[in-house]
Amino acid sequence: KYREEDENYAVIGLGRFGGSICETLIDLGKEVLAIDINEERVNVYANIATHAVIGNSMDENVLNNLGIRNFDHVVVAIGEDVEASILITLLLKEMGVKHVTVKAQNESHGKVLSKIGADRIVFPERDMGRRIAHYIASRNVIDYLELSHEYSLVELSVANPRFKERTLIDLRVRSEYGLNVVAIRRAGVMIVNPEPTEYIKVNDTLMVIGADTDIERLKEKLD
Ligand code: ADP
């Protein structure tokens, strides 16, 4: 049976993105091989990662010597040098690495990566920009996670002191808005899967899942 504990990871490129992937995987108890062409970057991660090595990952021999094909997950975290990112991804897929996650610099870089078989392509700056725009654009959005083009999971605060306490049924969250409140945070306590008869109070934070247009409408009602 598949055991998560047995998974091992390699992170190629220890810039801000790759470095933070590496640190978080280690915090999650994973084995991580950290690779960078730059000695200084490798020194930073020598005490953090399971192993840290200096090497040019564009060189097939370097990847072979590291036994990269035996890794379950490899993250290519090279932003600036798009050519390196593409070539390394290609080599990893040719060598048969199962899960290759690559950071894309922009949409066209992403397109090429998907053509050559990258398993997951991430756009951290684009996605983080969108996320932050959502919460600076409206004062009651605390956090925002895009699930698809139309659907999101949003953390909304009920901040207006004049908001009248009502139950989820009375707010017609599901019947009128088609939304689901998956949790309510109240004074540091999480009420997960609240009953429809649960009250929404001023200063509550709601975790709402549904269509963006419906979330917009609910936001107005909570204001
Ligand atoms: P970020 O925006 O996340 O900081 P960068 O593109 O600035 O990302 O950093 C990429 C990292 O990848 C750098 O530390 C760089 O030394 C490393 N790198 C670039 N090319 C290679 C390569 N061919 N092999 C290994 N590491 C590389």
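## Close-up views of a predicted model

**Figure 1. Strand 7 and strand 8 run antiparallel and are joined by 5 bridges.** Welcome to this predicted model; we start with a pair of neighbouring strands. Strand 7 covers residues 141-146, and 4 residues lie between it and strand 8 in the hairpin that the two strands form. One bridge to look for links Val141 with its partner in strand 8, Leu156. On its other pairing, strand 8 meets strand 13 (residues 205-211), again in the antiparallel sense, over 7 bridges. Here Glu155 has Met207 of strand 13 as its bridge partner.

**Figure 2. The side chains of strand 8 alternate between two faces.** In a regular strand, side chains take turns between the two faces of the sheet. Which residues of strand 8 (residues 151-157) point to the buried face? They are Ser152, Val154 and Leu156. Tyr151, Leu153, Glu155 and Ser157 point to the other face and are not buried.

**Figure 3. Val141 and its surroundings.** Val141 belongs to strand 7. Is this residue buried or partly exposed? Val141 has 19 other C-beta atoms within 10 Å, and a residue needs 20 or more to count as buried, so Val141 is partly exposed. Leaving aside residues up to four places away in sequence, Val141 touches His134, Tyr135, Val154, Glu155 and Leu156. Leu156, then, is both a contact of Val141 and its bridge partner. For a longer view, find Thr197: it is 56 residues from Val141 in sequence, and their C-alpha atoms are 24 Å apart in space.

**Figure 4. Strand 4 pairs in the parallel sense with strand 1 and also runs parallel to strand 5.** Strand 1 (residues 8-12) and strand 4 (residues 73-76) share 4 bridges, and Tyr9 has His73 as its partner in strand 4. Strand 4 is joined to strand 5 (residues 99-103) by 4 bridges, with Val75 partnered by Thr101. Between strand 4 and strand 5 the chain passes through helix 4 (residues 82-94), making a right-handed β-α-β crossover.

**Figure 5. Helix 4 and what covers it.** How far apart are the end C-alpha atoms of helix 4? They are 18 Å apart, which agrees with the 18 Å that its 13 residues should span at 1.5 Å a residue. The buried residues of this helix are Ser85, Ile86, Ile88, Thr89, Leu91 and Leu92. Their cover includes strand 1, helix 3 (60-65), strand 4, strand 5 and helix 5 (107-115). After helix 4 comes Gly96, with a positive phi near 95 degrees.

**Figure 6. The ligand is surrounded by 21 residues.** The closest of them are Gly13, Gly15, Phe17, Ser57 and Gly79. Helix 1 (16-27) and strand 2 (31-36) each provide at least two residues of this shell. Which element gives the most to the shell? Helix 1 does, with 3 residues.

**Figure 7. Stepping back to the whole chain.** The chain has 8 helices and 13 strands. Its radius of gyration is 22 Å, well over the 17 Å from the globule rule for 223 residues, so the chain is more spread out than a compact globule. Along the principal axes, its C-alpha atoms fill a box of roughly 65 × 35 × 35 Å. Of the 223 residues, 27% count as buried. Among contacts between residues at least 6 apart in sequence, 53% join residues at least 24 apart.

Methods
Residues numbered from 1 in each chain as written. Predicted model: local features only at pLDDT ≥ 70, side-chain atom pairs only at ≥ 80, totals over all residues. Pairing = 2+ DSSP bridges. Right-handed = clockwise from strand over helix to strand, strands pointing away. Expected span 1.5 Å × (residues − 1). Buried ≥ 20, exposed ≤ 12 C-beta atoms within 10 Å, placed from the backbone. Contact = placed C-beta atoms within 7 Å. Rg over C-alpha atoms; globule rule 2.2 N^0.38 Å. Near = placed C-beta within 6 Å.
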